[in-house]
Amino acid sequence: MLAATFQLLPIFQNNLRTNRQYLFHRRSNLRINIYPLTSLVAFEPKPNELQYYARMFSWWIAFETEGYKQQPQALIQKGIKWYAALKMCPNTPITQSAPDVQNIVR
């Protein structure tokens, strides 16, 4: 599956556009929510979803699937790599381990 099939879309709440975004892969209906890990954004991992973390520049970002239906993890990682390249961080390492609290920008 081509990386070009991913879309970066805004999250709407009460018909208003928020500052949050998500990745969407149309062919598999894979949705990956993007959470910048700061003191302003609460991120509580959901038990039935997959979480990945990446550090881009000095920021940690959490990526969490929504409605995970056994899509390949390689596809999820491909979407995150596509997002990292879009944000000018193509060599960003991706991990499933949450960063330490002291490493998160406040």
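1. Helices (H or I, at least four residues) and strands (E, at least two) are DSSP runs, numbered from the N terminus. With that in hand, M88 is easy to place: M88 sits in the loop between α1 and β6. One thing to keep in mind from the start is that this is a predicted model.

2. Here is the overall plan. The protein has six strands and one helix. Reading from the N terminus, the elements go β-β-β-β-β-α-β. Of the 106 residues, 38% count as buried. As for contacts with a separation of 6 or more, 49% of them are made by residues 24 or more positions apart.

3. Now the sheet. The six strands make an open sheet in the order β1-β2-β3-β5-β4-β6, and the pairing is antiparallel. Which strands stand at the edges? They are β1 (6-13) and β6 (94-95); each has a single partner strand, so one side of each is left without a neighbour in the sheet.

4. You can walk through some of the pairings. β2 and β3 run antiparallel and are joined by four bridges; Y22, for instance, has N33 in β3 as its bridge partner. β4 and β5 also run antiparallel, with six bridges between them, and here Q51 is matched with E64 in β5. On the other side of β4, β6 pairs with β4 in the antiparallel sense over two bridges. In that pairing, Y53 has T95 in β6 as its bridge partner.

5. β4 deserves a second look. How much of β4 is buried? Five of its six residues are, so the strand is mostly covered. β4 also forms a hairpin with β5, with two residues between the strands.

6. One residue of that turn stands out. F57 lies in the loop between β4 and β5 and has a positive phi of about 60 degrees, although F57 is not a glycine. For background, most residues other than glycine have a negative phi. Is F57 buried or exposed? F57 has a relative accessible area of 62%, and the cut-off for exposed is over 50%, so F57 is exposed.

7. Back to M88, which makes a good companion to F57. M88 is not a glycine either, yet it has a positive phi of about 70 degrees. M88 counts as exposed too, because its relative accessibility is 65% and exposed means over 50%.

8. On to the inside. In soluble globular proteins, nonpolar side chains tend to be buried together. How many residues does the largest nonpolar core have here? It has 17, and those with the most contacts inside it are M56, F63, I76 and Y83. The elements giving two or more residues to this core are β3 (30-36), β4 (51-56), β5 (59-66) and α1 (73-86). α1 gives the most, with five residues.

9. Y83 is a handy residue to click on. What is Y83 in contact with, once its neighbours within four places in sequence are left aside? The list is L8, Q21, L23, I34, M56, I61 and F63. Two of the names there, M56 and F63, are, like Y83, among the residues with the most contacts inside the largest core.

10. There is a second, separate core as well, with six residues, including L37, F43, Y53 and W60. L37 is found in the loop between β3 and β4. Its relative accessible area is 7%, and the limit for buried is under 20%, so L37 is buried despite its place in a loop. L37 and R55 are 18 residues apart in sequence, while their C-alpha atoms are 9.8 Å apart in space.

11. Last, the pocket. The largest pocket has a volume of about 260 Å³. Which residues of its lining are closest to its centre? Of the 12 lining residues, they are N19, Q21, I34, P36 and Y83. Y83 therefore belongs both to the largest nonpolar core and to the lining of this pocket. β2 (16-25), β3 and β5 each supply at least two residues of the lining, and the largest share, three residues, comes from β2. By class, the lining has eight nonpolar, two polar and two charged residues.

Terms used. Residues numbered from 1 in each chain as written. Predicted model: local features only at pLDDT ≥ 70, side-chain atom pairs only at ≥ 80, totals over all residues. Heavy atoms only, no water. Core = buried A, V, L, I, M, F, W, Y, C linked by side-chain atoms within 4.5 Å. Buried < 20%, exposed > 50% of the residue type's maximum accessible area, 1.4 Å probe, protein only. Contact = heavy atoms within 4.5 Å. 1 Å grid on protein atoms, 1.4 Å probe; cavity = no way out; pocket = protein on both sides within 12 Å on 5 of 7 lines; lining within 4 Å. Points joined across faces, edges and corners; volume = space filled by probe spheres on them. Nonpolar A, V, L, I, M, F, W, Y, C, P; charged D, E, K, R; others polar. Pairing = 2+ DSSP bridges.
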